[in-house]
Amino acid sequence: MIVRAALTACLLTVATVAPLRADAISDGVAALSGTVQDVRTVGTWEKDDKKGLYRVVIVRSGPEPTARLFIQWLAVAEDGTITIDRTVDIKEMVELKRNIGDVVIETDEDGLSLFFEVIDPATDGAKDSYELFIGDDEAYRFGPASN
């Protein structure tokens with residue numbers, strides 16, 4: 001009897017704490033890290049009988065935040081299902097140890113262009129302009145803005 005009462009109490013506790021419905025979309029959003037702070041989906045791409053959208057992901061961490069930058073190719077199937085086809089980590093952002101401010105994103109037939117502020121937390125937020133050009137072959141050019 002005591003075992004049955006304890007088991008019932010445990011089940012009731014779990015039922016009140018755990019959600020009663022499964023929602024893959026809601027669960028996926030809830031599982032996103034708090035460091036994912038900027039996500040933008042822009043433009044379209046086509047390659048090797050696949051087509052889809054670009055996604056730009058900015059992740060920030062640390063007491064004086066520094067950013068990481070990821071570019072993703074989201075493939076859209078005929079039934080509307082969207083999957084991540086490829087991801088490129090822009091390694092130079094890791095080496096810079098700086099944050100990202102305002103971002104302007106453009107797309108064309110050659111790929112994706114980003115123009116953004118890079119903020120240096122070590123120098124009271126000094127800002128520099130940077131640019132990233134990335135093609136559908138995943139090759140990219142990253143550096144201080146040329147203009």
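This section describes the sheet of the predicted model and a nonpolar patch on its surface.

Four strands form an open sheet in the order E1-E2-E3-E4, and their pairing is antiparallel. The edge positions are taken by E1 and strand E4 (82-89); each has a single partner strand, so one side of each lacks a neighbour in the sheet. From one strand to the next, the twist averages 25°.

The pairing of E1 with E2 is antiparallel and comprises ten bridges. Within this pair, lysine 47 has lysine 50 in E2 as its bridge partner. The hairpin of E1 and E2 has two residues between the strands, and aspartate 48 adopts a positive phi near 50° there.

Strand E2 (residues 50-61) is also paired with strand E3 (residues 66-76), again in the antiparallel sense and over ten bridges. Valine 59 is placed opposite arginine 68 in E3, while serine 61 faces threonine 66 of E3. Four residues separate E2 and E3 in their hairpin, where glycine 62 in the turn shows a positive phi of about 100°.

Ahead of the sheet in sequence, the loop between helix H2 (24-31) and strand E1 (36-47) contains leucine 32. The relative accessibility of leucine 32 is 51%, and this residue therefore counts as exposed, the threshold being over 50%. Together with Ile25 and Val29, Leu32 makes a nonpolar surface patch of about 330 Å².

Technical notes:
Residues numbered from 1 in each chain as written. Predicted model: local features only at pLDDT ≥ 70, side-chain atom pairs only at ≥ 80, totals over all residues. Heavy atoms only, no water. Patch = residues over 30% accessible without salt bridge, like charges linked within 9 Å, V, L, I, M, F, W, Y side chains within 5 Å. Areas by Shrake-Rupley, 256 points an atom, 1.4 Å probe, with all protein chains shown as cover. Salt bridge = Lys/Arg side-chain N within 4 Å of Asp/Glu carboxyl O. Buried < 20%, exposed > 50% of the residue type's maximum accessible area, 1.4 Å probe, protein only. Pairing = 2+ DSSP bridges. Axes fitted to C-alpha atoms, helices over the stretch in contact; angles between N-to-C directions.
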